[in-house]
Structure formats: C-alpha cells, structure tokens
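These are my notes on the model, set out as numbered points. They take the nonpolar cores, then the domains of one chain, then the pockets.

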Protein chains: 2
Amino acid sequence: MSKFWNPFIKQLEPYIPGEQLDDPSIIKLNTNENPFPPSPKVLAAIEEEAEKNLRLYPSPTVDELREEIGSFYGLKKEQIFVGNGSDEVLALSFMTFFEPGKTIKYPDITYSFYPVYAQLYQLDVEEVTLEDGFTIPYESFFHSEGGVIFPNPNAPTSLYLELEAVEEILKNNPDQVVIIDEAYIDFAKKSAVSLIDNYSNLLVVQTLSKSRSLAGLRVGMAMGHPDLIEGLMRVKDSFNSYTIDRLAIAGAVEAFRDAAYFEKTRQKIIATREDFRQELEKRRFYVLPSQANFVLASPADIEAEKLFIELKQAGFLIRYFNKPKLENYVRISIGTKEQMTKLLHAIDRITKE
Amino acid sequence: MSKFWNPFIKQLEPYIPGEQLDDPSIIKLNTNENPFPPSPKVLAAIEEEAEKNLRLYPSPTVDELREEIGSFYGLKKEQIFVGNGSDEVLALSFMTFFEPGKTIKYPDITYSFYPVYAQLYQLDVEEVTLEDGFTIPYESFFHSEGGVIFPNPNAPTSLYLELEAVEEILKNNPDQVVIIDEAYIDFAKKSAVSLIDNYSNLLVVQTLSKSRSLAGLRVGMAMGHPDLIEGLMRVKDSFNSYTIDRLAIAGAVEAFRDAAYFEKTRQKIIATREDFRQELEKRRFYVLPSQANFVLASPADIEAEKLFIELKQAGFLIRYFNKPKLENYVRISIGTKEQMTKLLHAIDRITKE
C-alpha cells in the first residue's frame with residue numbers, strides 16, 4: 001500500500017496466473033499450454049521479420065494479420081480485432097461493451113480473470129450457478145441487463161455448450177453483447193464464428209496460446225459485427241496504439257497460413273485426451289467429458305489436493321483450485337502421449353503407496 | 001457508433017498515431033524512429049529465443065529484463081516495471097497514480113496521448129501554458145492537486161528541462177506522483193533516474209523505441225520507488241498478466257547488455273542532429289535547441305504546412321501539427337546523415353521554386 005496509489009487501486013485483487021517455471025526437468029501440465037512447438041514456418045517467419053524493420057513501429061491497425069484470420073474464417077478484416085493475448089482482448093471488451101450499473105452475467109465457476117475485470121471496471125455481476133455436473137443452465141443467461149460472457153468450452157470445467165443453446169442466449173439478449181470466450185474451441189465441436197453474420201450482438205474471442213502453440217508470443221483476437229470491432233479499436237487507440245509487435249504479427253500470420261500443421265497437432269491432442277481420459281477412468285477418477293486441451297477430474301482414492309502436492313514433489317505440475325465445488329478436482333493439461341504415460345505411472349505410484 | 005458501446009466509449013476521441021508506411025521508397029522522418037537497426041546481438045537473441053519455448057507463456061513478472069535494466073541504471077528490480085511500449089506504461093500509470101476529481105497538470109504543448117488518457121480515466125486537467133519559446137515554466141507545476149506529467153525532453157518541442165528544475169517540481173509535490181516521460185532522454189543531458197533514491201514520488205518512464213531502435217518490438221519501462229512499481233504491477237495484473245512476449249524480453253535484455261552499440265548509434269544521431277540544425281539555420285529556419293532525436297523548426301521562406309505537403313510529394317514524410325502555436329512549425333526526425341542531406345536538397349528545391 002502506498003499513499004500515492006489511487007484509492008480505487010488499493011482495493012484491487014489482481015488475477016494470479018498459474019505457476020510459470022522454466023525448469024525443463026518439470027513436466028508442466030498446469031496452464032494448458034500446447035506440448036508441441038509452433039509450426040516451423042512460424043519460426044522462419046519470425047526470424048525473417050527480425051532481420052527486417054524492427055526499428056520501425058508496427059502497423060497500428062494490424063491489417064495483414066486481420067486479413068489472414070479473415071481468410072481462415074471467411075470474415076472481412078472489419079470483423080476482426082487483434083490484441084496482446086486474449087486477456088487484453090477480454091479486458092478491452094469488458095471496458096467497451098459492459099457498463100457500471102447494468103448487471104452482467106457469467107457462470108459461478110469460470111475463468112477467474114472475469115471477476116478481476118468486473119472489479120477493475122466497477123461492474124455489477126450476477127454469477128449464474130452451474131447445474132450439478134457443471135453444465136451451463138443456458139436459460140439463466142437470457143434477458144441480462146448488461147451483457148453475458150462465458151467460455152465455450154468453459155474453464156476449468158472443460159464442458160462445451162452446443163451452438164443451439166448459444167444461439168438461444170443470443171436471441172434472448174438482443175440489446176446486450178454476448179461474449180463467447182473460445183480459448184479452447186479448436187479442441188471442441190463447432191465455433192460460434194458461424195453465427196457472426198446472423199447476430200450483431202455476438203463477440204467471439206479466441207487466442208493463439210493454446211491450439212496454435214504460441215502462448216509465448218501474446219496474440220488473441222475478437223470476431224464480430226464491424227460495429228463491435230470499431231468500438232474495440234476506439235478503446236485500444238485510447239490506451240495503446242501499437243499493442244502487437246512486428247514479430248508477433250509475422251508469426252501469427254504464418255500460424256494461420258500453415259493450416260496443415262495446426263490440424264495435425266490439434267488432432268493429436270484430442271486423441272491423447274481421449275486415451276488419457278479412459279486411463280484415468282480405469283483408475284477410478286471421475287472425468288468430465290472434456291472438449292478442451294485439459295481435463296477436470298476427481299480421484300476416488302486420494303484427496304485432490306494431496307494428489308496435486310505429491311505430483312509436484314514427483315516433478316509434475318498440475319492445477320488445484322482451492323475453491324467451493326472444485327475441492328475434489330484437479331485440472332490436468334494434455335501434454336504429449338509420453339508425458340501423459342509418465343504422469344499415469346506417477347499417479348499409480350502415489351495412489352498405491 | 002453502435003448501441004452496444006458503453007455510453008462513455010461513444011465520447012472517446014482516440015489518439016491518432018503518425019502515419020506508418022512500409023513503402024521503402026519513402027524517407028520516413030515522421031515518428032522519431034531510429035535510422036539504425038537494432039544491435040546484431042539483439043537479433044541473435046531473438047532468433048535463439050524463437051527456437052526455444054514459444055509454446056510456453058512468458059514470465060508474468062519479467063524478472064530477467066527488470067534485473068538487466070536495473071544493472072544498467074544501478075537500480076533493484078523492485079524499482080522497475082516493464083510494459084508493452086511506454087504508451088502502455090503511461091496508460092497504466094495514469095490509472096494507478098491519478099484520480100478523478102483531483103486536477104493533474106501537464107504542458108499545453110506536449111505528447112498528444114496525455115489528453116486521451118485523461119479522457120479515458122475521466123481525470124481533471126490543468127494544461128500549463130508554455131512560455132514564449134516553448135520553455136516549461138517549472139514553478140507552475142508546483143502544488144498540483146492530483147499529480148504532474150511531462151516529457152523531458154518535451155515533445156514536440158525537443159526542449160530539455162534541467163534536473164534542478166525537475167527536482168524543484170518534485171519537492172513542491174510531496175504528496176503527488178510526478179511522472180517524467182523520458183522517451184527521448186538518451187539524446188539529452190541527464191536522466192532523472194539519478195533522483196529516484198531521493199524522491200519517492202518520482203516515476204521515470206522510458207522506451208526502447210527510440211534510442212534502442214526497437215519501435216517494432218514494443219517495450220517500455222517505468223522506474224521509481226518500489227511502492228510505485230508495486231502499484232503498477234497490481235493494475236497490470238488486473239488487466240493482462242503477460243504483456244511482454246518471450247521474443248521482446250530476449251531482445252530487450254540484449255539491448256541493455258550491448259551498451260557499446262547503444263552508445264555508438266546514440267552519438268551518431270546527436271552529431272547528425274547538430275549538423276542538420278546548422279544546415280536548417282543556414283536556410284533561414286528557426287530551430288529550437290533540440291535535445292531529442294528530432295527537431296522542431298519553423299521555415300521563414302515557406303509555410304510550414306506547404307513544406308510538409310511538398311516534401312510528402314517528393315517522398316519525404318515529416319510531421320505537421322495543425323494545432324495552435326505549432327502552425328508555423330514542422331517536426332523532423334533525425335535519420336542517417338545521408339537521409340538528412342537528401343532532405344536538405346529537397347527543401348532547397350522546394351523553397352527555390
């Protein structure tokens with residue numbers, strides 16, 4: 001605390017990210033990173049760009065990347081906003097589309113940055129209680145006063161909400177913005193991007209940190225009606241004109257161009273997830289039917305927190321949330337097949353002690 | 001305008017950056033970029049990092065870079081904050097240290113992002129009128145209600161305020177934060193960093209975009225008392241945990257390590273600036289005594305706006321501000337010796353027509 005801080009700042013409770021360790025001896029399955037490196041073409045594009053014009057400012061409108069994302073999804077660049085990771089995109093979206101005094105809705109179990117943004121922008125919130133089994137009661141999101149946000153698939157539950165239900169939420173909030181945070185969508189069924197042309201109140205947020213193996217590069221995006229995108233640009237340009245550096249632009253463009261690599265690594269992770277889920281079930285874990293690159297699982301033969309601690313001692317970092325309804329669960333990111341096999345052996349050793 | 005925008009957002013007037021053109025046939029002297037590429041060691045560090053762990057999140061606390069900057073300036077890492085360009089650092093600083101209802105002060109002619117931040121955070125502002133000749137009347141910054149910010153050297157005036165005057169401003173605002181925006185300090189006399197240990201209300205903001213040739217990489221920093229830095233970290237962690245990507249961290253670390261390259265290029269620009277100033281004076285321009293990597297100059301034989309337009313047609317991009325007190329001036333970034341010679345020839349052709 002300091003007398004120099006704005007009094008409002010003194011009350012903030014910042015987000016606490018999962019542990020980031022560069023120790024290569026640890027198998028890191030705690031922040032849902034991709035176990036595969038980015039496409040070699042991405043690295044080549046970054047190295048080529050580094051040699052060019054790093055002394056010059058990047059494009060403040062990032063048109064080249066927006067066009068590339070547009071051609072991947074069949075959208076115009078005016079329907080695409082990019083930011084410094086999807087966290088920045090979400091922060092700017094909360095500021096642009098939600099308003100103090102008008103209650104917004106999000107699930108009671110969800111991405112833990114949402115309450116931090118709500119606090120930062122002094123928003124009123126209704127936390128919608130998930131059903132037993134963590135499913136989203138989509139009708140509870142109808143008729144919001146100030147807007148809706150939820151991840152699809154939800155985190156840390158890993159559960160996917162069918163697009164028919166998403167569409168009902170959109171129809172029943174015609175004058176509010178509905179933000180679908182699709183950080184994990186490439187490991188799930190269908191993106192809500194297909195609904196953008198029909199719903200001007202839909203904003204879809206995605207990231208290159210998970211399915212495109214670029215957590216270290218910091219690129220996220222929002223897609224929606226050009227009016228929504230224009231609002232985000234106005235706020236961005238009132239905060240920081242150049243949020244994406246030249247190397248990130250070059251790498252992200254190539255990440256969308258190399259669709260074959262994306263498809264191959266994405267399918268490998270989905271296959272590993274399904275195998276891992278079966279293996280956990282054999283070991284008497286209850287595992288939610290994940291559509292993400294992680295599973296939320298509850299062990300029958302050991303306390304979840306104890307498993308988390310003992311795995312850490314054994315060199316495996318997973319995530320434990322000491323929160324209501326989640327006390328009996330651990331969240332485990334999907335790594336390579338080899339990493340998951342090693343993890344299962346470690347679980348066997350710990351539970352059979 | 002859209003019904004989905006927060007009403008406050010509808011009133012925003014965003015910052016408009018100088019034109020960014022990638023056309024290599026244009027000599028670009030409009031946004032104060034460095035004409036020299038970054039150190040070859042910076043590029044090597046970026047390429048090495050790209051091959052490593054781009055799939056993993058960067059460090060949210062960016063300790064390695066903070067330690068490197070600390071060792072350059074003789075500060076502890078707890079006295080250093082880094083952000084996604086100094087624009088982001090300034091935006092977060094406005095939010096952390098200034099407060100609606102308490103009037104802050106900045107010069108009436110200054111960096112045009114300040115009024116945008118003030119509007120974004122709904123701050124009350126007193127714009128202090130510069131003296132004739134654009135010097136800062138430093139006593140007018142005493143006893144501010146809510147804090148002080150100004151660039152040193154000021155932009156776009158290019159003028160440096162002596163540290164004795166800066167110190168008087170600090171002494172006469174003991175309960176307010178005084179932000180010195182030192183974007184151009186490496187082309188000037190002495191940084192206010194030397195005052196940090198004596199004034200807990202001092203925040204010094206710098207950037208790697210100018211003197212370190214890394215505008216394309218987006219790294220800026222703030223230095224001050226650990227309490228101020230802690231406040232900035234709280235706000236950053238309520239907005240976006242990972243603002244600096246892995247490549248930017250690696251490049252920035254090396255930019256501080258390679259002090260010899262920094263010194264060599266910095267001195268070249270200062271020497272070119274002094275030569276260029278004399279040449280302009282020979283051509284009947286009034287040139288302010290610049291301590292930056294640009295000059296603010298007023299031509300006697302042609303209207304400033306006309307010069308700007310005709311130089312653009314001739315392939316030279318400089319900056320013209322259509323603003324009170326600046327109508328008769330152009331701002332010209334200092335490029336290489338060769339670029340400035342070409343520019344002088346073009347000016348000769350235009351003024352002798």
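1. The largest nonpolar core holds 118 residues, and Met223(A) and Met223(B) are the members that touch the most others in it. Please keep in mind throughout that the model is predicted.

2. For Met223(B), leaving aside residues up to four places away in sequence, the contacts can be listed by stretch of chain B. They include Ile69(B), Tyr73(B), Leu75(B), Gln79(B) and Ile80(B). Val193(B), Ile196(B), Leu202(B), Leu203(B), Val204(B) and Gln206(B) are also touched, as is Ile229(B).

3. Another core, of 76 residues, lies apart from the largest one. Among its members are Tyr106(A) and Leu232(A), together with Tyr111(B) and Val235(B).

4. Chain A splits into domain 1, made of 7-37 + 260-351, and domain 2, which covers 40-258. Their C-alpha centres are 24 Å apart. The contact between them takes 34 residues from domain 1 of chain A and 34 residues from domain 2 of chain A.

5. Turning to the pockets, the largest has a volume of about 810 Å³. Its lining counts 43 residues, and those nearest the centre are Tyr15(B), Thr110(B), Tyr111(B), Ser112(B) and Lys323(B). Tyr111(B) is thus listed here and is also named among the members of the 76-residue core.

6. Which element gives the largest share of the lining of the largest pocket? That is α4(B), with four residues. In chain B, α4 (85-97), β3 (104-107) and α5 (114-120) each contribute at least two residues to this lining. Domain 1 (19-37 + 260-351) and domain 2 (40-257) of chain B each provide at least three.

7. By residue class, the lining of the largest pocket has 21 nonpolar, 11 polar and 11 charged residues.

8. The second largest pocket encloses about 650 Å³. It is lined by 29 residues, and Ser112(A), Arg319(A), Phe321(A), Asn322(A) and Lys323(A) are the closest to its centre. Elements of chain A that give two or more residues to this lining are β3 (104-107), α5 (114-120) and α10 (304-313).

9. How do the residues lining the second largest pocket divide by class, and what do the domains supply? The lining has 16 nonpolar, five polar and eight charged residues. At least three residues come from each of domain 1 and domain 2 of chain A, the two domains described in point 4.

Notes. Residues are numbered from 1 along each chain as its sequence is written. Chains are lettered from A and ligands numbered from 1 in the order in which they are written. This is a predicted model: local features need pLDDT of at least 70, side-chain atom pairs count only at pLDDT 80 or more; totals for chains, interfaces and linings use all residues. Side-chain values use heavy atoms; hydrogens and water are left out. On a 1 Å grid over the protein atoms alone, a cavity is a set of points where a 1.4 Å probe fits but cannot get out, and a pocket is an open set with protein on both sides within 12 Å along at least five of seven lines; lining residues have an atom within 4 Å of a point. Grid points are joined across faces, edges and corners, and a volume is the space filled by probe spheres set on the points. Ala, Val, Leu, Ile, Met, Phe, Trp, Tyr, Cys and Pro count as nonpolar, Asp, Glu, Lys and Arg as charged, and the others, Gly among them, as polar. Domain bounds come from an automatic or database domain assignment. A nonpolar core is a set of buried Ala, Val, Leu, Ile, Met, Phe, Trp, Tyr and Cys residues joined through side-chain atoms within 4.5 Å. Buried means under 20% relative accessible area, exposed over 50%, partly exposed in between (1.4 Å probe, protein chains only). Contact means heavy atoms within 4.5 Å.
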